Amino acid sequence: MIQNIEPHKFHNEYRPEAKPSPESSVLRMKGRNPLARVLEINGEKRMEFPKAKAFDTEKLVYAFSIDETEYFLDISGSTDEIEGFSFDEFKGYRRELAESHMYGMIVFTADHLNQWYLISRHCGFCGAATVHSKKERAMHCPKCGREIYPSIMPAVIVGVKNGDKLLMTKYRGRDIAYYALIAGFVEIGETLEECVAREVMEETGIKVKNIRYYKSQPWGMARDLLAGFYCEVDGDDAITIDRNELKLAEWVNRDEIELQPDDYSLTNEMMKTFKEGIEK
């Protein structure tokens, strides 16, 4: 999965005392794409980000570290390019990169943080301009005292089992050819397990039982925290598809499951573990 960047270590704790040096790496985002360039080093393609000396350091905040390398986020809102760097679509070249999981973690997390900073410039209660907290990753309203923390949206991904078959789907309106699993966001006042049962019922008309947690994934592209569950069909396995959400839903035999083209997602890992008969 995207967060599996071993042997590197991702440090997400906020460090308010951290200041960029002229050679610190800076993440400037345009939509979900970083200002970057790809270099070939010793036969391997790697990403390089512009250095802090090219930016107004007053608009740079500490984002995170990988091992001992610090990354700073440009929160100016600018989408200007810097000579030698461009906003090429990251998903178009990420599979070509050595250590692509690490770069994916950098870009997806930067996107998540960048969007939060952009929408938190003003207090949603009184409308006053916010300032960054001096002690934690939060935006502080100096007028009414509210603290605004990064928004993380909980969601579920569900592997519904029916003996040696898994419920596979393809979503409507998405330019993605490969299979996925039932998924959805958690509603207010709903547990993760209740969300699993509701999403499966809404999208396929299937009742489930024996809901069991598998793993989670911080999925920056959707700015959510994804919790994976396996469960079993409860009773009738006839599918009633929600055509507003899905273009296909079907039971697929274990040995006929077609995996996704990369190993970034929790979805693909769950399909793979079921296919190999090692799901928990």
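**Rings, sheets and helices in a predicted model**

The charged end of Lys170 sits over the ring of Tyr179, 4.7 Å from its centre. For such a contact, NZ of Lys or CZ of Arg has to be within 6 Å of the ring centre and within 35 degrees of the ring normal. Arg94 does much the same with Tyr264, lying over the ring face at 4.4 Å from the centre. The model is predicted, with local features needing pLDDT of at least 70 and side-chain atom pairs counting only at pLDDT 80 or more, while totals for chains, interfaces and linings use all residues. Residues are numbered from 1 along each chain as its sequence is written, and side-chain values use heavy atoms, with hydrogens and water left out.

Next come the sheets and what packs on them. Helices (H or I, at least four residues) and strands (E, at least two) are DSSP runs numbered from the N terminus, and two strands pair if DSSP finds at least two bridges between them. One open sheet has four strands in the order 1-7-8-2, with mixed pairing. Its edges are strand 1 (10-11) and strand 2 (25-27), each of which pairs on one side only. Strand 2 runs parallel to strand 8 (residues 69-74) over three bridges, and Leu27 stands opposite Leu73 there. Helix 2 packs on this sheet, touching strand 1, strand 2, strand 7 (60-66) and strand 8 (contact: heavy atoms within 4.5 Å). The helix direction makes about 150° with that of strand 7 (axes are lines fitted to C-alpha atoms, for helices over the stretch in contact, and angles run from 0 to 180 degrees between N-to-C directions). Of the 20 residues of helix 2, 17 are buried, meaning under 20% relative accessible area, with exposed set at over 50% and partly exposed in between (1.4 Å probe, protein chains only).

Aromatic rings turn up in the same strands. The structure holds 10 aromatic pairs, where rings of Phe, Tyr and Trp (its six-membered ring) pair if their centres lie within 6.5 Å, and planes under 30 degrees apart count as stacked, over 60 as edge-to-face and the rest as tilted. Tyr62 and Phe72 have ring centres 5.8 Å apart and planes at 75°, so this pair is edge-to-face. Tyr62 belongs to strand 7 and Phe72 to strand 8, 10 residues apart. Both are buried, Tyr62 at a relative accessible area of 2% and Phe72 at 0%. Trp116 and Tyr117 make a tilted pair, with centres 4.6 Å apart and planes at 55°, and both residues are buried. Ring pairs also link Phe10, Phe49, Phe64 and Tyr71 into a cluster.

Strand 12 (residues 153-162) has partners in strand 14 and strand 16. Four bridges join strand 12 to strand 14 in the antiparallel sense, while nine join strand 12 to strand 16 in the parallel sense. Ile157 takes part in both: its bridge partner in strand 14 is Ala183, and Gly228 stands opposite in strand 16. Along strand 14 (residues 182-185) the side chains alternate, with Ile182 and Gly184 buried on one face and Ala183 and Phe185 not buried on the other. Strand 16 (residues 224-233) is mostly covered, with eight of its 10 residues buried. Eight antiparallel bridges join strand 16 to strand 15 (residues 208-219).

Helix 4 (residues 266-275) also has eight of its 10 residues buried. Those buried residues pack against strand 12, strand 13 (165-171), strand 15 and strand 16. Just after this helix, Gly277 takes a positive phi of about 70°.
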